[in-house]
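Student: I would like to take a close look at a single part of this model and see how it fits with what surrounds it. Please take your time over the answer.

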Amino acid sequence: ETNVRRTGTTYMVDLARKLFGDDWESKMAMIANDKYIRPHLEGVTYAQLKEKLSGLLYPIEGTQRGIILTQSIRSMFGRGKFGYAAIGSTQEDAELLEAALGQRLG
């Protein structure tokens with residue numbers, strides 16, 4: 001018996017490879033969270049979430065950095081839960097983007 005679902009970080013590696021090529025590891029850093037839960041966001045629509053994150057979403061001003069939504073609030077039954085990837089040029093940059101997301105959403 002096998003589990004052939006693509007789980008864990010597989011989709012993040014696919015995303016990095018698609019955006020940056022096979023040598024993605026030397027070009028970027030990424031922080032992923034597929035369970036970002038904020039009860040006060042319950043009922044927020046995908047469009048509202050995108051508006052709240054305006055200016056932080058990938059690509060920021062045409063650069064290869066920013067937040068990519070990987071699961072929408074809608075897919076989580078309006079529970080205020082979503083997934084994201086913070087993509088930066090360095091680990092510190094990705095951490096700054098993730099912090100900015102937290103500040104923006106509270």
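Is D93 buried or exposed, and what is its relative accessible area? Please set the residue in its surroundings as well.

Tutor: This is a predicted model, and the reply to your question is that D93 is buried, because its relative accessible area is 10%, which falls under the 20% that marks the limit for a buried residue. The residue has its place in helix 3, an element that covers residues 91-105. Setting aside residues up to four places away in sequence, D93 touches R65 and G88. A polar atom of the D93 side chain also lies 2.9 Å from the backbone nitrogen of S89. One of the two residues touched, G88, belongs to a strand whose residues are all buried: on one side of strand 3 these are K81, G83, A85 and I87, and on the other they are F82, Y84, A86 and G88.

To see where helix 3 sits, it helps to begin with the chain as a whole. The protein chain holds 3 helices and 3 strands, and from the N terminus on its elements follow the order α-β-α-β-β-α. Of its 106 residues, 34% count as buried, and D93, at 10%, counts as buried too. The chain exposes about 6,700 Å², of which carbon and sulfur atoms supply 50%. When contacts between residues at least 6 apart in sequence are considered, 58% of them join residues at least 24 apart.

The strands make up an open sheet of 3 strands in the order 1-3-2, with antiparallel pairing. Its edges are formed by strand 1 (29-37) and strand 2 (66-71), each of which pairs on one side only, and from one strand to the next the twist averages 25°. Strand 3, which spans residues 81-88, runs antiparallel to strand 2 and is joined to it by 5 bridges; one of the residues involved is Q71, whose bridge partner in strand 3 is G83. With strand 1, strand 3 pairs over 7 bridges, again in the antiparallel sense, and here I31 has A86 as its bridge partner in strand 3. Strand 3 is mostly covered, with 8 of its 8 residues buried, and this holds for both of its faces.

Two helices can now be placed against this sheet. Helix 3, the element that holds D93, lies across strand 1, strand 2 and strand 3 and runs at about 145° to strand 3. Helix 1, made up of residues 10-20, also packs on the sheet and touches strand 1, strand 2 and strand 3, its direction making about 40° with that of strand 3.

A residue of helix 1 shows how that packing looks in detail. M12 lies in helix 1 and counts as buried because its relative accessibility is 6%. Leaving aside its neighbours within four places in sequence, M12 is in contact with M30, A32 and A85. M12 and A32 are 20 residues apart in sequence, yet the distance between their C-alpha atoms is 7.6 Å.

To return to your question, then, D93 is a buried residue of helix 3, in contact with R65 and G88, and with a polar side-chain atom 2.9 Å from the backbone nitrogen of S89.

How values were computed: Residues numbered from 1 in each chain as written. Predicted model: local features only at pLDDT ≥ 70, side-chain atom pairs only at ≥ 80, totals over all residues. Heavy atoms only, no water. Pairing = 2+ DSSP bridges. Helix = DSSP H or I, 4+ residues; strand = E, 2+ residues; numbered from the N terminus. Axes fitted to C-alpha atoms, helices over the stretch in contact; angles between N-to-C directions. Contact = heavy atoms within 4.5 Å. Buried < 20%, exposed > 50% of the residue type's maximum accessible area, 1.4 Å probe, protein only. Polar contact = N/O pair within 3.5 Å; in protein donor to acceptor, adjacent residues only side chain to side chain. Areas by Shrake-Rupley, 256 points an atom, 1.4 Å probe, with all protein chains shown as cover.
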